[in-house]
Amino acid sequence: MGKRRPGTPTLEEVAAHAGVGRGTVSRVVNNEAGVKESTRRVVQQAIAELGYVPNLAARSLAGRRADAVALVMTEPDWRMFAEPFFSEIVTSLGDALTDTGMQLLLTLVRSDTERRRFLEYARGGRVDGVLLMSVHADDPLPDMLAETRLPTVLLGRRSADEHVSYVDADNVGGARSAVAHLLESGRRTIATITGPLDMYVAQCRLRGYREALAQAGLEALPSWVAEGDFTEESGRRAMERLIERHPEIDGVLAASDTTAAGALQALRAAGRRVPEDVAVIGFDDFPLAERTQPRLTTVRQPLEEIGRAMVRLLLEEVEESSVAWRHVILRTELVVRDSA
């Protein structure tokens, strides 16, 4: 972390360029008193001309912090930010940071250019750590941040072999319990609408679905699986495809509550009664689940606890940079309402 990248100006080079001492540059960078205004302007000009970026490690050694945490959303599709999950998790993280005195800075990183720009920003000491959410399997940003040794915690993970600290819910167990509930109620032709399968969370929920059917001695037919993207519209379209393929479907696990809401629309349009003809279960337990018709049975993720755990892990890494990365998986709970 303390190594200088080739071509990156040092504090000493800025001092030489401005014709002042290293300590003077340090005081200007840290906005300290005791520097004449004319000298401050000369140093600031030298910083701008050389493109100097203050080093986070040096500031930490001096006991200085930015008192800010970046919440980075890496979802490339703007529509996703309208989904309830994002507002719920931002609220839980903000609540967890309330008493810490740290600011939560929301940042969108959706391209290689934005990744490089954010990395430079973060390395410049403007944030003390990074919280990442909606990370897809091939996203290199967690590894880029790990290489800089900047404290980083993921919401979820990219794979089973994730080597960056993360907090996740038991997505496999949650999906398994949902399908077990459908089986116990007598359903036998059970389909699923997944999330985007380049995300590990969607893969895990699909795995739990398959495991529950296998435990009941049922084969999960490929045609019982329709991929969505966690949105309501994708749930509606996927449900229409499933009804066309298998008119006999009597149960559905949707990978999110918003996806389930879309499935309910498609079932209503097709004249199917819920739960009499088709039982539907969602995932997340957003307030939306109480407002659907009928009210949605769903798998509850402990979002408040997830937010607290993410902040706790991050602050521990900020305080002790040598701490090893850690993985936290929190239990889910099936909440039974009217749709199943």
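This briefing walks through the overall make-up, the nonpolar cores, one helix and a few strand pairings of the structure above. The model is a predicted one, so please read every value here as computed from it. The protein chain holds 13 helices and twelve strands, and 51% of its 340 residues are buried.

**Overall dimensions and contacts**

- Along its principal axes, the C-alpha trace of the protein chain spans about 80 × 35 × 30 Å.
- The accessible surface of the protein chain amounts to about 15700 Å², and carbon and sulfur atoms account for 49% of that surface.
- If you take the contacts between residues at least 6 apart in sequence, 71% of them join residues at least 24 apart.

**The largest nonpolar core and a second one**

- As general background, nonpolar side chains in soluble globular proteins tend to be buried together.
- In this chain the largest nonpolar core has 37 residues, and the members that touch the most others are Val 179, Tyr 209, Met 239 and Val 280.
- Helices and strands both feed this core: α8 (171-184), α9 (200-215), α10 (232-245) and α11 (257-269) each supply at least two residues, as do β6 (190-194), β7 (225-227), β8 (251-254) and β9 (279-284).
- Another core lies apart from this one; it has 26 residues, among them Leu 71, Met 73, Leu 303 and Ala 309.

**Two well-connected core members**

- Val 179 lies in helix α8 and counts as buried because its relative accessible area is 0%, where buried means under 20%.
- Leaving aside neighbours within four places in sequence, Val 179 is in contact with Ile 190, Tyr 209, Ala 212, Leu 213 and Leu 253.
- One of those partners, Ile 190, is eleven residues from Val 179 in sequence, and the C-alpha atoms of the two are 7.9 Å apart in space.
- Met 239 touches Ile 193, Val 252, Ala 263, Ala 266 and Leu 267, with residues up to four places away in sequence not counted.

**Val 29, a partly exposed residue**

- Val 29 is found in helix α2, which covers residues 22-29.
- Its relative accessible area is 25%, so Val 29 is partly exposed; that class runs between the 20% and 50% cut-offs.
- Val 29 and Arg 40 are also eleven residues apart in sequence, with 9.4 Å from C-alpha to C-alpha.

**Helix α5 and its buried face**

- Helix α5 has 14 residues, 84-97, and it reaches 20 Å from its first C-alpha to its last, close to the 20 Å expected at 1.5 Å a residue.
- The buried residues in α5 are Phe 86, Ile 89, Ser 92, Leu 93 and Leu 97.
- Viewed down the axis of α5, these buried residues fall within an arc of 135 degrees, so they line one face of the helix.
- The cover over the buried residues of α5 includes the strands β1 (68-73), β2 (103-108), β3 (129-133) and β4 (152-155), and it also includes helix α13 (303-319).

**Strand pairings around β10**

- Strand β10 (residues 297-300) runs parallel to β9, and four bridges join the two.
- Strand β10 is also joined to β12 (residues 333-335), here by three bridges in an antiparallel arrangement.
- Val 299 takes part on both sides: Phe 283 stands opposite Val 299 of β10, and Leu 334 in β12 is a bridge partner of Val 299.

Technical notes. Residues numbered from 1 in each chain as written. Predicted model: local features only at pLDDT ≥ 70, side-chain atom pairs only at ≥ 80, totals over all residues. Heavy atoms only, no water. Buried < 20%, exposed > 50% of the residue type's maximum accessible area, 1.4 Å probe, protein only. Core = buried A, V, L, I, M, F, W, Y, C linked by side-chain atoms within 4.5 Å. Contact = heavy atoms within 4.5 Å. Expected span 1.5 Å × (residues − 1). Arc of directions from axis to C-beta. Areas by Shrake-Rupley, 256 points an atom, 1.4 Å probe, with all protein chains shown as cover. Pairing = 2+ DSSP bridges.
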